[in-house]
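Let's take a walk through this one together. Have a look at the sequence and the fold first, and then we'll get into the details.

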Amino acid sequence: MPAGLVTAGAITALFASAFATQQPSVITNPPPDKIVIEIATVNGSGCPAGTAAIAVSPDNTAFTVTYSDYLAQVGVGSKPTDFRKNCQLNLIVHVPQGFTYAIASADYRGYAKLEPGASGTEKASYYFQGSSQTTPSSHSFRGPYGDNWQATDSVPVGALVWAPCGERRNFNINTELRVNGGTSDTTKTNSFMTMDSTDGSINTIYHLAWKECPRR
């Protein structure tokens, strides 16, 4: 499945030691009970209402975010504000009792057509409600480029940041696409970058790690 998200350094900076008093102790297999993820709010020029959807994998090890209108562009046919698009998802994650989760890795996918001299950038960050936001991870692509793109961020086990046990904290995902015309002739050409599902296979997957919470 496709996926995408944050670097180890960004995640560590994000959550620091705020939840140190209730750290889970044992890494386990994914919980057998179903997890449910709901979109509480969705905001941003890259994800107008009704254009973002979430699905959870059957084995509870990942969830996928699919976009249908996430396009940044410069040049012919674009508006001045189209060079940057962003999306913030605020998610309600219903976790089986006795378990907690962390984001272990994420893969962002899309398509880009960049003229010679142009460039595109994908950024991503996430945080639990009540914590400070991380420094975004960033992946850049330079023209000439005309192909699918993928960016993967993985988090070492020791750097995983876990949702606090026994509390419900909404989970926020922030993403951004940015296209810079650079030295390309934007009066005659168009450069763009998407993160969407126009062909039914381009989306973003977040891979989960699981632990059992301490028994009280």
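Is Gly46 buried or exposed? Keep in mind that this is a predicted model. Gly46 has a relative accessible area of 1%, and anything under 20% counts as buried, so Gly46 is buried.

Where does this glycine sit? Gly46 is in the loop that links β2 (36-43) to β3 (52-56). Leaving aside residues up to four places away in sequence, Gly46 touches Asp69, Tyr70, Lys85 and Asn86. Gln88 is 42 residues from Gly46 along the chain, yet their C-alpha atoms are separated by 8.9 Å.

Now zoom out to the whole chain. You'll find one helix and 13 strands, and the helix comes ahead of the strands when you read along the sequence. Of the contacts with a separation of 6 or more, 85% are between residues 24 or more positions apart. Buried residues account for 49% of the chain's 216 residues. As for the surface, about 10100 Å² is exposed, and 50% of that comes from carbon and sulfur atoms.

For a second stop, try Ser119, which belongs to strand β8 (residues 119-128). Its relative accessible area is 16%; since the cut-off for buried is under 20%, Ser119 is buried as well. Again setting aside residues up to four places away in sequence, Ser119 touches Leu114, Phe141, Arg142, Arg178, Val179 and Asn180.

Technical notes:
Residues numbered from 1 in each chain as written. Predicted model: local features only at pLDDT ≥ 70, side-chain atom pairs only at ≥ 80, totals over all residues. Heavy atoms only, no water. Helix = DSSP H or I, 4+ residues; strand = E, 2+ residues; numbered from the N terminus. Buried < 20%, exposed > 50% of the residue type's maximum accessible area, 1.4 Å probe, protein only. Contact = heavy atoms within 4.5 Å. Areas by Shrake-Rupley, 256 points an atom, 1.4 Å probe, with all protein chains shown as cover.
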